Amino acid sequence: MRTKLDKKSGFSYAGAIIFFVVIALVIQTALVVYEYIRERTDDLGLVALLMLGIIIILSGLCTVADVIRRKIMVDRPVAKILSVTEKIACGDFSARVYIEHTYDKYDEFDLIAEDLNYMAEALRKSEVLKSDFISNVSHELKTPLAVIESYTKKLSDKKLDEESRIKYIETIRSATSKLSKLVTNILLLNKLENQHLRPEIKRVDLCGVLSDSVLVFESLIEERGLTLECDIDTLYISSSPDYLEIVFNNLISNAIKFTEPGGQVTVKLYPFGDGAAIEISDTGCGIPEEVGMHIFDKFYQGDTSHSSEGNGLGLAMVKKVIDILGGEIKVESETGVGSKFTIILRG
Ligand SMILES: Nc1ncnc2c1ncn2[C@@H]1O[C@H](COP(=O)(O)OP(=O)(O)OP(=O)(O)O)[C@@H](O)[C@H]1O
Ligand SMILES: [Mg+2]
């Protein structure tokens, strides 16, 4: 594997050539001086002594030159890099090494500095993601917890009538189930992101998996006063039924949630290339363009008042699963007309 260092190795050759020229000059100077002394005296002891002195002076000059070179070319960049690594180690991920050279004149220290800056940026981004995640989770936990707290207080009133008691218990149950769904989704998404779960790929009867998902929502569709249209071919592909179930359930549940009574939810499955295409569409509120840009982000909900159910994790999971399965997801939507999610899966 060629590394960045290989590409920049021209600079090391330059260093080697300078070193070679200096040594050649030192030897040449010593030879010239030797000839000069030999022409003027035959006393070998004196010649040896003078040569020793000359060699000591030349070595001393070279050593001083090397110390200065090291100070400028090694110690200075190392000190700069060390001060930044210390800052990063103490948690300051905004620290960066300033690179003085232009890219075509980069030396090995510039390459290290560039990688260090890259690593610091990655750490800064992951820190931002982590703190965003914590604040999102805390925010999502707060509402149902506040409901549970306030309704348990109300329940402790001894004069409470039976009808209110049943209503309060139902409110607490619904808040608990929201909490439980939130925790389940966070755990599932975390497993998917950290690849703790590996899909078990087998021959899948897509028609069967999709029909099962539709059946799960049949009574809810009826309850919401929606009509359901299905156009599902018999099709087999190599995939993971458990993963596909996550995708279908989330998309169908969204289609139902965002469609007003009287609307329609349509589910289609047909061959596409060597694989399959699945369309889940609705005649609901549609997705405005500015919302569409974020729908696959974790905890993003188009309705910022969070009046609709959920935590904004559904489509983030769908996207992750589709990526793992090597498929594609497309969204077409028009505000007030409806939305269509199309999934392309390979055979
Ligand atoms: N079929 C749809 N029609 C209109 N808007 C949609 C549709 N599907 C998704 N959206 C928009 O995308 C946002 C994100 O969807 P996602 O499924 O991730 O979250 P959610 O449904 O709000 O919550 P959760 O899935 O956690 O229950 C939704 O809040 C909504 O604004
Ligand atoms: Mg959803």
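In what sense do strand E5 and strand E7 pair, and over how many bridges? They run antiparallel to one another, over 7 bridges. The legends below start from that pair and work outwards; keep in mind that this is a predicted model.

**View 1. Strands E5 and E7 side by side.** Here we zoom in on E5, residues 275-282, and its antiparallel partner E7, residues 338-345. For a handy landmark, look for Asp-282, which sits opposite Ser-339 of E7.

**View 2. The sheet these two strands belong to.** Pull back a little and you get an open sheet of 5 strands, ordered E2-E4-E5-E7-E6, with mixed pairing. At the edges are E2 (227-232) and E6 (328-334), each pairing on one side only. Going from strand to neighbouring strand, the average turn is 10°, ignoring direction.

**View 3. Helices H6 and H7 against the sheet.** H6, spanning residues 206-223, lies across E2, E4 (264-272) and E5. Its direction is at about 180° to that of E4. H7 also packs on the sheet, where it touches E4, E5 and E7. The direction of H7 makes about 25° with that of E5.

**View 4. The surroundings of ligand 1.** Ligand 1 has 24 residues around it, and the closest are Phe-258, Gly-302, Gly-310, Gly-314 and Leu-315. Two elements, helix H7 (241-257) and helix H9 (314-325), each give two or more residues to this shell. So what does the shell look like by class? It has 12 polar residues, 10 nonpolar ones and 2 charged ones. H7 is worth finding again here: this helix from View 3, packed on the sheet, also contributes to the shell around ligand 1.

Key: Residues numbered from 1 in each chain as written. Chains lettered and ligands numbered in written order. Predicted model: local features only at pLDDT ≥ 70, side-chain atom pairs only at ≥ 80, totals over all residues. Near = placed C-beta within 6 Å. Helix = DSSP H or I, 4+ residues; strand = E, 2+ residues; numbered from the N terminus. Nonpolar A, V, L, I, M, F, W, Y, C, P; charged D, E, K, R; others polar. Pairing = 2+ DSSP bridges. Axes fitted to C-alpha atoms, helices over the stretch in contact; angles between N-to-C directions. Contact = placed C-beta atoms within 7 Å.
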